[in-house]
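Student: I am new to this structure and would like a close look at a single part of it, the open sheet together with the helices packed around it. Could you take me through that part slowly and say what supports each step?

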Amino acid sequence: MLVEKKERIIMGIDPGTAIMGYGVILEKGNKMELLSLGVVRMDYLDDHFLKLQRIFEKTTALIEQYNPDALAIEAPFYGKNIQVMLKLGRAQGIAMAAALAKNIPVCEYAPRKVKQSITGQGTASKEQVAAMLQRLLNFKETPEFLDATDGLAVAVCHSFQKITSGGKSKTYTGWEAFMSDNKKRLR
């Protein structure tokens, strides 16, 4: 049996070890509504493992509060400092683990892909992304940290992937339902 969901909640995360940005949207068909955006600050913590613990706890709390259908997360970008890359990778992994522990599917997007989907330019600035999101989701308040709109941008990017692929997202209740709906693909 084919199950189509008319609404879904998408949580986006811009991982970081000093500041983690997040955004939560409600997708209704091809329309989006802002539910929440904000940051988790860890710049006051000195211990890297305490930062990771805070990321896990806050991500879990956001998941419990909004019950998202999907978590979209920004991939770490390639940098010259391998230690920074390692720390960002850990932060991303911890946020992903929090979602996976709650059986929430995770999708990863490159920063360039996120910017491209929001502004049309993969090299757009954080300010350009934030301005476009304000227009798109009709909110006026500018967050203190652009990490919040970066997290929101990842959620919107994930939503656009479904919308631009025809808007038909199929979920099957089992293997039999999939086979029944895809007879031409079976041999």
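Tutor: From the N terminus on, the elements of the protein chain run β-β-β-β-α-β-α-β-α-α-α-β-α, which amounts to 6 helices and 7 strands. Please keep in mind that this is a predicted model, and that every value below is computed from it. Of the 187 residues in the protein chain, 42% count as buried. Among contacts between residues at least 6 apart in sequence, 61% join residues at least 24 apart.

Let us begin with the sheet itself. The open sheet has 5 strands in the order β4-β3-β2-β5-β6, and their pairing is mixed. Its edges are formed by β4, residues 31-41, and β6, residues 106-109, each of which pairs on one side only. On average, and with direction ignored, neighbouring strands of this sheet are turned by 20° against each other. At the β6 edge, strand β5, residues 70-74, runs parallel to β6 and is joined to it by 4 bridges; Ile-73, for instance, has Glu-108 in β6 as its bridge partner.

A residue in the sheet shows how sequence and space can part ways. Met-20 has its place in strand β3, and with a relative accessibility of 1% it counts as buried. Although Met-20 and Val-39 are 19 residues apart in sequence, their C-alpha atoms are 5.4 Å apart in space. If neighbours within four places in sequence are left aside, the residues in contact with Met-20 include Ile-13, Asp-14 and Pro-15, then Gly-38, Val-39, Val-40 and Met-42, and also Ile-55 and Thr-59.

Now to the helices around the sheet. Helix α4, residues 126-137, lies across β2 (7-14), β3 (19-28) and β4, and runs at about 140° to β4.

Helix α2 deserves a longer look. At 1.5 Å a residue, its 20 residues should span 28 Å, and this agrees with its end C-alpha atoms, which are 28 Å apart. The buried residues of α2 are Leu-88, Ala-91, Gln-92, Ala-95, Ala-98 and Ala-99. Because these residues cover an arc of only 115° around the axis, they lie on the same side of α2. What covers the buried residues of α2 includes two kinds of element, namely the strands β2, β5 and β6 and the helix α1. On the face of α2 turned away from that buried side are the exposed residues Ile-82 and Ala-101.

Helix α3, residues 111-119, can be read in a similar way, and its buried residues are Pro-111, Val-114 and Ile-118. Since they cover an arc of only 65° around the axis, they are placed on the same side of α3. Just after α3 comes Gly-120, which takes a positive phi of about 90°.

Finally, consider the charged side chains, for the structure holds 5 salt bridges, of which I will describe some. One of them joins Lys-102 to Glu-64, with the closest N and O atoms 3.0 Å apart. Lys-102 lies in the loop between α2 (82-101) and β6, while Glu-64 belongs to helix α1 (residues 48-66), so this pair ties together parts that are 38 residues apart in sequence. Lys-102 counts as partly exposed, at 39% relative accessibility, whereas Glu-64, at 53%, counts as exposed.

Another salt bridge is the one in which the side chains of Glu-33 and Lys-28 meet, at 3.8 Å from N to O. Glu-33 is partly exposed, with a relative accessible area of 36%, and Lys-28 also counts as partly exposed, at 39%. A further salt bridge is formed by Arg-41 and Asp-43, whose closest N and O atoms are 2.6 Å apart. Here Arg-41 counts as partly exposed at 35% relative accessibility, and Asp-43 is partly exposed as well, with a relative accessible area of 38%.

To return to your request, the part you asked about is an open sheet of 5 strands, with α4 lying across β2, β3 and β4, and with β2, β5 and β6 among the elements that cover the buried residues of α2.

How values were computed:
Residues numbered from 1 in each chain as written. Predicted model: local features only at pLDDT ≥ 70, side-chain atom pairs only at ≥ 80, totals over all residues. Heavy atoms only, no water. Pairing = 2+ DSSP bridges. Axes fitted to C-alpha atoms, helices over the stretch in contact; angles between N-to-C directions. Contact = heavy atoms within 4.5 Å. Salt bridge = Lys/Arg side-chain N within 4 Å of Asp/Glu carboxyl O. Buried < 20%, exposed > 50% of the residue type's maximum accessible area, 1.4 Å probe, protein only. Expected span 1.5 Å × (residues − 1). Arc of directions from axis to C-beta.
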